[in-house]
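Colleague: Could you take me through one part of this model with some care, beginning with a single side-chain contact and working outwards from there?

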Amino acid sequence: MKGKIHSIETCGTVDGPGIRYIVFTQGCPLRCKYCHNPDTWKMQDGQDADTEDLIQDIVKYKSFMQFSKGGVTISGGEPFLQPEFIKDLLEKCKANNLHTAIDTSGFVSIEKADPVLDFVDLVLLDIKCYNPESFKTLTGVPLEPTLQFAQHLAKRNIPIWLRYVLVPGLTDVQEDIEQLAKFLATFPNIERLDILPFHKMGEYKWEQLGYTYELTDTLEPTQVEVNKAREIFLKYNLPVH
Ligand code: SF4
């Protein structure tokens, strides 16, 4: 089956357990102000890919993946924009006994995502902010679908590694973090929670693409600020790393 991808990384180590073969799909409906990969946004900028070719390449790395208890991660962009394509690829991965993960904003149609989840062992879920207004300002889309998707994952008991990007002035409001922590504390399936300090590594790509990067003057959070957020999540017994 054919789809659009941005790129491939054969030895990723941060997007799931172990060594991972990562497929970055093309296309994203969000416009996060801190996006590191704005070159994944537009579907027409991607390259054509075929799941048959991809799996043939993936299995070449199978021994590395299995030795390290790793696997395959589909990231983006937003992978769920191409549900049939990623379902076919994940199905092929499972047929080869590979661990599968998907990295998503959760801004997805549950109806379309659900059949894909049959072949997913782990979801790396970004909840970018718990305050609906700040979420909209930060991403350009509403918060509710992401929360509904998170609840759907809980219902299906699919493990989640939750990621929270801490952006001073946008996502560091203590009350918002506290509300998110309370929401997550009710979930049985959060395996891990990572606080990712905001950084500006993708800024140059915005300039290259002719987009206006609005966070030029935003500072990276200090260790004290990261620790404050950490304490809130820990108060709710969440597995912060
Ligand atoms: S969801 Fe990811 S790829 Fe899409 S705009 Fe946000 S950070 Fe960028």
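**A contact and its surroundings**

Modeller: In this predicted model, the side chains of glutamate 178 and tyrosine 236 make a polar contact at 2.6 Å. Glutamate 178 belongs to helix α7, which spans residues 174–185, and this glutamate counts as buried because its relative accessibility of 18% falls under the 20% cut-off. Leaving aside residues up to four places away in sequence, glutamate 178 touches Ile232, Lys235 and Tyr236, so that the tyrosine of the polar contact appears again in this list.

A second buried residue is tyrosine 34, whose relative accessible area is 7% and which is found in the loop between β2 (20–25) and β3 (47–50). With residues up to four places away in sequence again not counted, tyrosine 34 touches Lys128, Leu138, Val165, Val167, Phe198, Tyr213 and Leu215. Alanine 150, by comparison, is 116 residues from tyrosine 34 in sequence, and the two C-alpha atoms are 22 Å apart in space.

Lys128, one of the residues touched by tyrosine 34, is also among the residues around the ligand, which are Cys28, Leu30, Arg31, Cys32, Cys35, Thr40, Trp41, Gly77 and Lys128. This shell divides into five nonpolar, two polar and two charged residues, and the space that the ligand takes up is the largest pocket.

Gly77, another member of the shell, lies in the loop between β4 (71–75) and α3 (83–95), and the peptide bond that joins glycine 76 to glycine 77 is cis, with omega at about 10°. Most peptide bonds are trans, and most residues other than glycine have a negative phi. Against that background, two asparagines also deserve a look. Asparagine 97, in the loop between α3 and β5 (99–104), has a positive phi near 60°, and with a relative accessible area of 59% this residue is exposed, the cut-off for that term being over 50%. Asparagine 157 likewise has a positive phi, near 55°, and is placed in the loop between α6 (144–156) and β7 (160–166).

Note on methods
Residues are numbered from 1 along each chain as its sequence is written. This is a predicted model: local features need pLDDT of at least 70, side-chain atom pairs count only at pLDDT 80 or more; totals for chains, interfaces and linings use all residues. Side-chain values use heavy atoms; hydrogens and water are left out. Helices (H or I, at least four residues) and strands (E, at least two) are DSSP runs, numbered from the N terminus. Buried means under 20% relative accessible area, exposed over 50%, partly exposed in between (1.4 Å probe, protein chains only). A polar contact is a pair of N or O atoms within 3.5 Å; within protein, one must be able to donate a hydrogen and the other to accept it, and residues adjacent in sequence count only if both atoms are side-chain atoms. Contact means heavy atoms within 4.5 Å. A residue is near a molecule or strand if one of its heavy atoms lies within 4 Å of it. On a 1 Å grid over the protein atoms alone, a cavity is a set of points where a 1.4 Å probe fits but cannot get out, and a pocket is an open set with protein on both sides within 12 Å along at least five of seven lines; lining residues have an atom within 4 Å of a point. A molecule sits in a cavity or pocket if more than half of its atoms lie within 2 Å of its grid points. Ala, Val, Leu, Ile, Met, Phe, Trp, Tyr, Cys and Pro count as nonpolar, Asp, Glu, Lys and Arg as charged, and the others, Gly among them, as polar.
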